[in-house]
Amino acid sequence: MQGKKVLITSGGTLEKWDNVRGHTNLSKGIMGCYLAEEALKQGAQVIYLHGYFAKLPINAQKMTLISFEGIEDLGAKIKQAVQQDGVDIVIMAAAGSDWLVDKVFDRSGNEMTEQGKMPSDEPPIIHFKKAPKILAQIKTWQPTVTLVGFKLEATTDVNELVARATKRMASSQASFMVANSAKSLYGEHEPHWIINASGDVVKANGKEEAAVALFRCLA
């Protein structure tokens with residue numbers, strides 16, 4: 001990794017309903033921290049793109065830190081980095097939102113367009129729209145970048161996890177995909193499976209081991 005520039009996305013996106021409320025997910029950025037520390041250890045220049053609630057690596061002061069809010073903001077900052085900053089590798093460990101806020105209505109069906117804070121005396125009705133899939137766009141922004149994606153699924157069936165991750169790898173033109181179950185949101189020691197474009201699979205026990213194994217694959 002000596003001399004390589006590695007962009008790591010970490011944590012969850014925050015999709016705002018108003019200026020004080022929004023929805024996110026349970027990703028804390030722990031995997032991203034392990035990845036960033038391992039990249040730094042291997043001699044890479046690290047750009048750490050982190051969500052609002054994500055943890056920062058221990059050696060964050062030796063990295064370029066960039067924060068993001070929602071999935072669209074994340075996409076814009078990745079695009080800028082891969083097109084302008086000479087990024088060699090993108091590791092998309094952030095957990096992006098599947099849904100964006102489209103419109104918000106009061107209980108009478110009137111659209112709420114005021115800025116700031118929604119009234120709290122009655123619950124609003126929120127209409128969502130599908131969020132863009134950032135992973136699938138990265139190679140169109142910079143075809144030469146080496147892309148690593150993550151695929152989290154509710155299932156613990158290994159064959160299904162690997163199959164879904166392999167499908168996502170192909171559709172996004174990624175070089176590697178890391179598959180893990182939703183159980184990994186609640187602990188650091190759940191298994192991860194690293195799949196390459198040839199179909200080879202490497203199992204790693206826990207997030208730290210997965211970070212080390214992934215950079216071994218990338219070397």
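The two largest pockets of a predicted model are described here, with their volumes and linings. In this predicted model, local features need pLDDT of at least 70 and side-chain atom pairs count only at pLDDT 80 or more, while totals for chains, interfaces and linings use all residues. Residues are numbered from 1 along each chain as its sequence is written, and side-chain values use heavy atoms, with hydrogens and water left out.

The largest pocket (on a 1 Å grid over the protein atoms alone, an open set of points where a 1.4 Å probe fits, with protein on both sides within 12 Å along at least five of seven lines) has a volume of about 1,000 Å³, taken as the space filled by probe spheres set on the points, which are joined across faces, edges and corners. Its lining (residues with an atom within 4 Å of a point) comprises 44 residues, of which Ala94, Ala95, Gly96, Phe150 and Leu152 are the closest to the centre. At least two lining residues come from each of α1 (30-41), α2 (71-84), β9 (146-153) and α4 (158-172), the helices being DSSP runs of H or I with at least four residues and the strands runs of E with at least two, numbered from the N terminus. The most is given by β9, with five residues. The lining holds 19 nonpolar, 17 polar and eight charged residues, where Ala, Val, Leu, Ile, Met, Phe, Trp, Tyr, Cys and Pro count as nonpolar, Asp, Glu, Lys and Arg as charged, and the others, Gly among them, as polar.

The second largest pocket holds about 350 Å³ of space. Lys16, Trp17, Asp18, Val101 and Val104 are the closest to its centre among 20 lining residues. β2 (15-16), α2 and β7 (99-105) each supply at least two residues of this lining, and β7 has the largest share, five residues. By class, seven are nonpolar, four polar and nine charged.
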